[in-house]
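Subject: Structure for you to look at

Dear colleague,

I am passing on a structure that I would like you to look through at your own pace. Please open it first, and then read the notes that follow beside it.

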Amino acid sequence: MLLVGGTPVWTASDLTLASQCEYALLRLLDLRLGRVLRANSETDPLMAHIARLGDQHERIELESLLEEFGTFDATLGVGVALIDRVRATPSALAGLHQETMSVLRGGADVVYQAGFFDGEFHGYADFLERADGQWVVSDAKLARQVRPKALLQLGAYADQLERAGIPLADHARLRLGDGTHLDFPLSDIAPVFRERRSRLRELITEHLSEQLPAEWGDARYVACGRCADCQSAIEQRRDVLLTAGVRMDQRTKL
């Protein structure tokens, strides 16, 4: 979640976060809006290590594509085009989006870190791969098995291409940590993405209108009960979930 020119802008990660824990998403929004203070939390060494491995996997995939297609040649419209990340300001993000669209329309074999911004959504797709005149949205994921949240992210980037009128392949791709490349029909991904986006928009709009931080236990929002935000609220409230073995569904019944 970003605050761009005073306006909340969500990312593909926010979309997946909301699908797992709406309470955590709203707490993140509260943090960006200055409604709550950042909690003092230590960096999880395991998660930091996994993040480094994920970055390494992405670089390996990039090197493989560079070896296959070479560096970008704008004159010929071939090779792997690398898009640089920019600061989160309205003008910089608008320029980033325009640069990405220009490269896609001008031609390349692969676009790395394609940047999108439409005033509501911002994100960087790992790879956009050209195949038969169409573009395949492709993400590098360290996991060896497919996770639903990864498909939601693919749906978000595919939606940006479709709305821009960029020729889009009928499938998206995951480059997994074991070296396999799996394709998934966008016809299966798109409806789920649109449903989750609609719910995310609803959450953000409603929360902005209330001017107050999200409250633990608010029945309007789904809480996972496991993430750091939930655990902090559970401990502060001395919630019944502190009782060993009690689940969220049992808490609701109680």
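A good place to begin is Cys21, which is buried, with a relative accessible area of 2%. Cys21 takes part in no disulfide, and the nearest cysteine sulfur, which belongs to Cys230, lies 3.6 Å away. Cys227 is likewise in no disulfide, its nearest cysteine sulfur being that of Cys230 at 3.6 Å. Why do these cysteines not count as bonded? A disulfide is taken here as a pair of cysteine sulfur atoms within 2.5 Å, so a separation of 3.6 Å does not qualify. The count for the structure comes to zero disulfides. Please keep in mind throughout that this is a predicted model.

Next, the salt bridges, of which the structure holds 18. One of them joins Arg130 to Asp109, with the closest N and O atoms 3.2 Å apart. This pair links distant parts of the chain, since Arg130 sits in strand β5 (residues 122–131) and Asp109 in the loop between α4 (90–106) and β4 (110–117), 21 residues apart. Arg130 counts as partly exposed, at 34% relative accessibility, whereas Asp109 is buried, with a relative accessible area of 15%.

Strand β5 also carries Glu129, whose partner Arg175 is in strand β7 (residues 171–176), 46 residues apart along the chain. The side chains of Glu129 and Arg175 meet in a salt bridge of 3.1 Å, N to O. Are these two residues buried or exposed? Glu129 counts as buried, at 9% relative accessibility, and Arg175 counts as buried too, at 5%. Both belong to a network of salt bridges that links Glu61, Glu129, Arg173, Arg175 and Asp183.

A further salt bridge, 3.0 Å from N to O, is made by the side chains of Asp118 and Arg163. Here Asp118 lies in the loop between β4 and β5 and Arg163 in helix α5, 45 residues apart. Asp118 is partly exposed, with a relative accessible area of 30%.

Asp118 and Arg163 lead on to the empty space inside the model, as both are among the residues that line the largest cavity, together with others including Trp10, Phe121, Phe193 and Arg201. A search of the whole structure finds one cavity of 30 Å³ or more, and the largest cavity holds about 40 Å³ of space. Which helix supplies the largest share of its lining? That share, four residues, comes from α5, while α5 (148–163) and α6 (186–210) each supply at least two residues of the lining.

There are pockets to look at as well. The second largest pocket contains about 190 Å³ of space, and among the residues lining it are Tyr23, Trp216, Tyr221, Val222 and Met248. Helix α8 (residues 248–253) gives the most to this lining, with three residues.

Finally, please look at the surface, where Leu46, Met47, Ile50, Leu53 and Leu142 make a nonpolar patch of about 420 Å². Ile50 lies in helix α3 (residues 45–69), and Met47 has its place in helix α3 as well. Met47 is partly exposed, with a relative accessible area of 48%, and Ile50 is also partly exposed, at 36%. To relate this patch to the second largest pocket, you could compare Met47 with Val222, whose C-alpha atoms are separated by 24 Å, although the two are 175 residues apart along the chain.

With best wishes

Technical notes
Residues numbered from 1 in each chain as written. Predicted model: local features only at pLDDT ≥ 70, side-chain atom pairs only at ≥ 80, totals over all residues. Heavy atoms only, no water. Buried < 20%, exposed > 50% of the residue type's maximum accessible area, 1.4 Å probe, protein only. Patch = residues over 30% accessible without salt bridge, like charges linked within 9 Å, V, L, I, M, F, W, Y side chains within 5 Å. Areas by Shrake-Rupley, 256 points an atom, 1.4 Å probe, with all protein chains shown as cover. Salt bridge = Lys/Arg side-chain N within 4 Å of Asp/Glu carboxyl O. 1 Å grid on protein atoms, 1.4 Å probe; cavity = no way out; pocket = protein on both sides within 12 Å on 5 of 7 lines; lining within 4 Å. Points joined across faces, edges and corners; volume = space filled by probe spheres on them.
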